[in-house]
Amino acid sequence: MNAEYGYTMNITEKSDVYSYGVVLLEILSGRSAVESRLGDGLHIVEWVKRKMRSFEPAVSILDGKLQGLPDQMVQEMLQTLGIAMFCVNSSPAERPSMKEVVALLMEVKSTPEEWGKTSQPLIKQSSNQS
C-alpha cells in the first residue's frame with residue numbers, strides 16, 4: 001500500500017509513480033514494503049534512504065540472492081534503484097511521469113551480449129572529453 005494514501009487519501013498519477021517506485025524497491029531488495037526485520041516496521045523507502053546515507057555501498061541494498069551475477073546486470077539493478085528513488089521523491093512535483101519512468105527504464109536495458117563489456121557509469125558523463 002502506498003504510504004501517501006494513508007496520509008492524504010488523494011490518489012494522483014504522482015502517487016501511482018510513488019507506488020511503482022516502492023514495488024521496484026521491493027523487487028530489488030527482496031524485502032516487503034513494511035516488515036519487522038527492517039527495524040520497528042520501518043517503511044522500505046526510509047530503509048533505503050538510511051542505507052544510502054550510510055557508508056555502505058549501494059549494492060548492499062540489493063537482494064543477497066543477486067550476488068554473483070555479471071557486473072553489467074548488477075550495474076543495471078543499481079541504475080534501476082536510482083530510478084526507483086526518483087519515483088519515491090518526497091516531493092510529488094519532483095517525481096517523474098510514468099512515461100518518463102518507462103523511458104529511463106528503456107535506457108537501462110541491455111542485451112546479454114553486452115554483459116561482459118565494461119560497465120556504463122551510473123551518471124552519464126558529458127562527451128566533451130577528448
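## Exercises on a predicted helical model

**Exercise 1.** Which residues of α4 and α5 meet, and how do the two helices run relative to each other?

*Solution.* Start with the contacts: from α4, the residues Glu-76, Gln-79, Thr-80, Ile-83, Phe-86 and Cys-87 meet Val-101, Leu-104, Leu-105 and Val-108 of α5. Keep in mind that this is a predicted model. Next, sort that contact by class: you get seven nonpolar, two polar and one charged residues. Now look at the axes. Those of α4 and α5 (residues 98-108) come within 10 Å and cross at roughly 170°. Angles over 145 degrees count as roughly antiparallel, so α4 is roughly antiparallel to α5.

**Exercise 2.** Where on α3 do the buried residues sit, and what covers them?

*Solution.* First, pick out the buried ones: Ile-44, Val-45, Trp-47, Val-48 and Lys-51. Then peer down the axis of α3: these residues fall within an arc of 160°, so they line one face of the helix. Turn to the face pointing away from that buried side, and you'll find the exposed residues Arg-50 and Arg-53. Finally, check the cover over the buried residues, which includes α2 and α4.

**Exercise 3.** Which element gives the most to the largest nonpolar core?

*Solution.* Begin with the core itself: it has 20 residues, and Val-22, Leu-25, Ile-44, Val-45, Val-48, Leu-81 and Val-88 have the most contacts inside it. Two or more residues each come from α2 (13-29), α3 (44-53) and α4 (71-87). The winner is α4, with six residues. Don't mix this up with a second, separate core of five residues, which includes Val-17, Ile-83, Cys-87 and Val-108.

Definitions and conventions. Residues are numbered from 1 along each chain as its sequence is written. This is a predicted model: local features need pLDDT of at least 70, side-chain atom pairs count only at pLDDT 80 or more; totals for chains, interfaces and linings use all residues. Side-chain values use heavy atoms; hydrogens and water are left out. A nonpolar core is a set of buried Ala, Val, Leu, Ile, Met, Phe, Trp, Tyr and Cys residues joined through side-chain atoms within 4.5 Å. Buried means under 20% relative accessible area, exposed over 50%, partly exposed in between (1.4 Å probe, protein chains only). Helices (H or I, at least four residues) and strands (E, at least two) are DSSP runs, numbered from the N terminus. The arc is that of the directions from the helix axis to the C-beta atoms. Contact means heavy atoms within 4.5 Å. Axes are lines fitted to C-alpha atoms, for helices over the stretch in contact, and angles run from 0 to 180 degrees between N-to-C directions. Angles under 35 degrees count as roughly parallel, over 145 as roughly antiparallel, 65 to 115 as roughly perpendicular and the rest as oblique. Ala, Val, Leu, Ile, Met, Phe, Trp, Tyr, Cys and Pro count as nonpolar, Asp, Glu, Lys and Arg as charged, and the others, Gly among them, as polar.
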